[in-house]
Amino acid sequence: MQDLAGPDMHRKSLIFSGFALLWGLLFGIFFTSVPVVACPTSCHCVEKNGLTVVQCMSRNLEKIPADLPRDTVILLLASNHITHIPHHAFKELHYLQELDLSNNDIKTVDAGAFQGVFDSLLVLDLSNNRIKSVPKEAFARLRAKISLSNNPWHCECTLQEVLRELQLDPETVNEVMCHTAVQEEYAGKPVIQVLDSGINFCNFHHKTTDVAMFVTMFGWFTMVIAYVIYYVRHNQEDARRHLEYLKSLPSSSQISKDFDTISTVL
C-alpha cells in the first residue's frame, strides 16, 4: 500500500506545487501591473463595489489635492475653503463620475478646469460657492448633471451662453439666481425664469457696446470741434492785434508833413 500510495502522493504534490507556482506568478503579475496610489493624507479613501471613493469633506482644504488616486470614481470635496478650480485639476481622473465641490469659497473656474473628465463625469455640484461668472469653455463639453445654485451670478451674455449648453439639475434650477445683472431690474430673479420670459442678455451686451462706441465717437467729434473753434478764435485774436498794431503806426502823409516842417525849420 505504501509503495502504491507513494507515487500517487508524489504526483499530487508536484501538481499542487505547480499550481501554487502558477498562482504566485499570476498574483505577482497582477499586483505589479496595477500601480497602487496612496490616498491623500487629508482624505479618506474607501472601495465600494470595486469603485474608489475619495472623501475629503470638511478638511479645511484650500485647494484641490494633487495626489488623488487615478481610479477615483467619486470625489467628495464639499465644505472646505477651496477658492479656485485650476486648469487640468482632474486631468488624470479618467474614471471620475461624481464630483462634489459644494459649500466652498470658489470664485474662479479656469477654462480647462474639467479637461480629462468631459466624457466620464455624470454629476457635478458647484452649489453654495462665490462664483459670479465662468468662461464659456469651462463647461462646453460636459454631459454631467450640474448644480449651480446659490452662487452670486452676474447675469449677462456669457452666462446665458454657458447655461444654454448645460444640463442643469432640475431640483435646483430655480435656485440659480441673478445676484446682479446688466439690467438692474432682473437682479434677485431666477436666471431661467428671466431667460424663459424672452430676455436676451446678449442684446443688452451689443446695445451697451454700441452706446459705448457712440459716446467715444461723440467725444472725439466734440474734441475736434473744440480744437477748430479754439484755432479760429486764436487766429482772430492774432489778426485783431496785428490790425491794431498797424493802425497804431503813423501814416505816410503824416510822415511827409513832419518831414516838410523839419526842412522849413532848417
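Select Leu-124 to begin: this residue stands opposite Ile-146, which belongs to strand 8. The model on display is predicted. With both residues shown, extend the selection to residues 123–125, which make up strand 7, and to residues 145–147, which make up strand 8. These two strands run parallel and are joined by three bridges.

**The loop after strand 7**

Next, select Ile-131, which is found in the loop between strand 7 and strand 8. Is Ile-131 buried or exposed? Its relative accessible area is 0%, so Ile-131 counts as buried. Display its surroundings while leaving out residues up to four places away in sequence: Ile-131 touches Ile-106, Lys-107 and Val-109, together with Leu-126, Asn-151, Pro-152 and Trp-153. Then add Thr-108 to the selection and draw a distance between C-alpha atoms. Those of Ile-131 and Thr-108 are separated by 6.4 Å, although the two residues are 23 residues apart along the chain.

**The sheet as a whole**

Now widen the view to the secondary structure. The protein chain contains five helices and eleven strands. Seven of the strands form an open sheet, and its order is 1-2-3-5-7-8-10, with mixed pairing. Which strands stand at the edges of the sheet? They are strand 1 and strand 10 (167–168); each has a single partner strand, so one side of each is left without a neighbour in the sheet. In general, the strands of a sheet pair through backbone hydrogen bonds, in either a parallel or an antiparallel sense.

**The hairpin at strand 1**

From the edge of the sheet, select strand 1 and strand 2. They pair in the antiparallel sense, and five bridges hold the pairing. To see one residue pair, pick Val-46, whose bridge partner in strand 2 is Val-53. The two strands form a hairpin with two residues between them. Stop at Asn-49 in the turn, where phi is positive, at about 55°.

**The disulfides**

Turn now to the cysteines. How many disulfides does the structure hold? There are four disulfides. When the bonded cysteines of the protein chain are numbered in sequence order, the pairing reads 1-3, 2-4, 5-7, 6-8. Three of these links are visited below.

Select Cys-43 and Cys-56, which are joined by a disulfide with an S to S distance of 2.0 Å. This pair links distant parts of the chain, 13 residues apart: Cys-43 is in the loop between helix 1 (2–33) and strand 1 (44–48), and Cys-56 is in the loop between strand 2 (51–55) and strand 3 (72–76). The torsion about the S-S bond of Cys-43 and Cys-56 is about 105°, so this disulfide is right-handed. Cys-43 and Cys-56 are both buried.

Move on to Cys-155 and Cys-178, which form a disulfide with their sulfur atoms 1.9 Å apart. This link also connects distant parts of the chain: Cys-155 is in strand 9 (residues 153–155) and Cys-178 is in strand 11 (residues 178–181), 23 residues apart. What is the handedness of this disulfide? The torsion about the S-S bond of Cys-155 and Cys-178 is about -100°, so the disulfide is left-handed. Cys-155 counts as buried because its relative accessibility is 0%. Cys-178 is buried as well, with a relative accessible area of 1%.

Then select Cys-157 and Cys-202, whose sulfur atoms lie 2.1 Å apart in a disulfide. Here the distant parts of the chain are two helices: Cys-157 is in helix 2 (residues 157–164), while Cys-202 is in helix 4 (residues 201–248), and the pair is 45 residues apart. The link of Cys-157 and Cys-202 is right-handed, with 85° about the S-S bond. Both of these cysteines are buried.

**A pocket**

Show the surface and look for the second largest pocket, which holds about 230 Å³ of space. What lies nearest its centre? Of the 14 residues that line the second largest pocket, Pro-65, Ala-66, His-88, Ala-89 and Phe-90 lie nearest the centre. Colour the lining by class to find nine nonpolar, one polar and four charged residues.

**The whole chain**

Finally, return to the full view. The protein chain has 266 residues, and 29% of them count as buried. Among the contacts in the protein chain with a separation of 6 or more, 44% are between residues 24 or more positions apart.

Terms used: Residues are numbered from 1 along each chain as its sequence is written. This is a predicted model: local features need pLDDT of at least 70, side-chain atom pairs count only at pLDDT 80 or more; totals for chains, interfaces and linings use all residues. Side-chain values use heavy atoms; hydrogens and water are left out. A disulfide is a pair of cysteine sulfur atoms within 2.5 Å. Helices (H or I, at least four residues) and strands (E, at least two) are DSSP runs, numbered from the N terminus. Buried means under 20% relative accessible area, exposed over 50%, partly exposed in between (1.4 Å probe, protein chains only). On a 1 Å grid over the protein atoms alone, a cavity is a set of points where a 1.4 Å probe fits but cannot get out, and a pocket is an open set with protein on both sides within 12 Å along at least five of seven lines; lining residues have an atom within 4 Å of a point. Grid points are joined across faces, edges and corners, and a volume is the space filled by probe spheres set on the points. Ala, Val, Leu, Ile, Met, Phe, Trp, Tyr, Cys and Pro count as nonpolar, Asp, Glu, Lys and Arg as charged, and the others, Gly among them, as polar. Two strands pair if DSSP finds at least two bridges between them. Contact means heavy atoms within 4.5 Å.
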